[in-house]
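Please describe how this chain is put together. Cover its contacts, its strands and its buried positions.

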Amino acid sequence: MTSVYDDNNIFAKILRREIPCQSVYEDDYVLAFRDIAPKAPVHILVIPKGRYISVADFGAQATADEITAFWRAVAKIANDMELPAGGFRTIANTGLHGGQEVPHFHVHLLGGRALGPMLAQAA
Ligand code: 5GP
């Protein structure tokens with residue numbers, strides 16, 4: 001995976017409002033919107049507004065305010081969607097082995113049904 005942020009990735013375009021999204025939450029640091037190809041009844045993508053490629057990039061480079069705002073937003077959205085009672089899953093795919101398609105850090109928030117095993121198949 002490249003170490004240089006690509007300003008033409010889809011989520012950068014969504015942040016610049018060049019591409020529409022179904023927003024469910026926004027603040028100074030965070031945007032959250034529905035995944036275009038949902039894998040569960042609730043499938044939200046939570047992204048920082050900053051230019052971070054991956055969870056590792058975000059964890060290493062983001063400010064404390066950005067990190068706090070991000071995880072507070074994940075928790076708030078999960079609560080607003082009433083996910084904690086039944087349980088839910090958060091996923092941050094990274095790079096080639098992680099199956100990351102969009103090189104802007106994002107957390108998938110999935111729930112609304114039993115999601116089954118974490119991975120499709122064992123190693
Ligand atoms: P990744 O594989 O990078 O972890 O996940 C990228 C996600 O972005 C996929 O679940 C895919 O369906 C979603 N996605 C890709 N393009 C768009 C788009 O234009 N709009 C929205 N809302 N989601 C998108």
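In this predicted model, residues 24 or more positions apart account for 53% of the contacts with a separation of 6 or more. Two residue pairs put distances to such separations. G111 and V74 lie 37 residues apart along the chain, and their C-alpha atoms are separated by 13 Å. L31 and I47 are 16 residues apart in sequence, with 5.5 Å from C-alpha to C-alpha.

**Overall build**

The chain holds four helices and five strands. Their order along the sequence is α-β-β-β-α-α-β-α-β. A compact globule of 123 residues would have a radius of gyration near 14 Å, and the chain agrees because its own value is 14 Å. Along the principal axes, the C-alpha atoms fill a box of roughly 35 × 35 × 30 Å.

Of the 123 residues, 36% count as buried. The exposed surface comes to about 7,500 Å². Carbon and sulfur atoms supply 54% of that surface. The chain carries 11 positive and 13 negative charges, and the mean positions of the two sets are 5 Å apart.

**Strand pairing**

β1 covers residues 23-26 and runs antiparallel to β2. The two strands form a hairpin, with three residues between them. β3, residues 42-48, pairs with β2 in the antiparallel sense. β3 also pairs with β5, again in the antiparallel sense. The table lists each pairing with its bridge count and partner residues.

| Strand pair | Bridges | Partner residues |
|---|---|---|
| β1 and β2 | three bridges | Y25 and A32 |
| β2 and β3 | five bridges | A32 and V46; R34 and I44 |
| β3 and β5 | five bridges | V46 and V107 |

Two residues recur in these pairings. A32 is the bridge partner of Y25, and A32 also stands opposite V46 in β3. V46 in turn stands opposite V107 in β5.

**Buried strands**

How many residues of β3 are buried? Seven of its seven residues are, and the strand is mostly covered. Both faces are covered. V42, I44, V46 and P48 are buried on one side. H43, L45 and I47 are buried on the other.

β2 spans residues 30-34. Four of its five residues are buried, so the strand is largely enclosed by the rest of the structure.

**Two buried positions**

L31 sits in strand β2. Its relative accessibility is 0%, so L31 counts as buried; the cut-off for that class is under 20%. Leaving aside neighbours within four places in sequence, L31 is in contact with I14, L15, R17, C21, S23, Y25, E26, L45, V46, I47 and K49.

G111 belongs to strand β5, residues 107-111. Is G111 buried or exposed? G111 counts as buried because its relative accessibility is 0%. Leaving aside neighbours within four places in sequence, its contacts are A40, P41, V42, L83 and F88. One of these, V42, is itself a buried residue of β3.

**Recap**

β3 pairs with β2 over five bridges and with β5 over five bridges. Its seven residues are buried. L31 in β2 and G111 in β5 each have 0% relative accessibility.

Technical notes
Residues numbered from 1 in each chain as written. Predicted model: local features only at pLDDT ≥ 70, side-chain atom pairs only at ≥ 80, totals over all residues. Heavy atoms only, no water. Rg over C-alpha atoms; globule rule 2.2 N^0.38 Å. Buried < 20%, exposed > 50% of the residue type's maximum accessible area, 1.4 Å probe, protein only. Contact = heavy atoms within 4.5 Å. Areas by Shrake-Rupley, 256 points an atom, 1.4 Å probe, with all protein chains shown as cover. Lys, Arg positive; Asp, Glu negative; His and termini not counted. Charge placed at Lys NZ, Arg CZ, Asp CG, Glu CD. Pairing = 2+ DSSP bridges.
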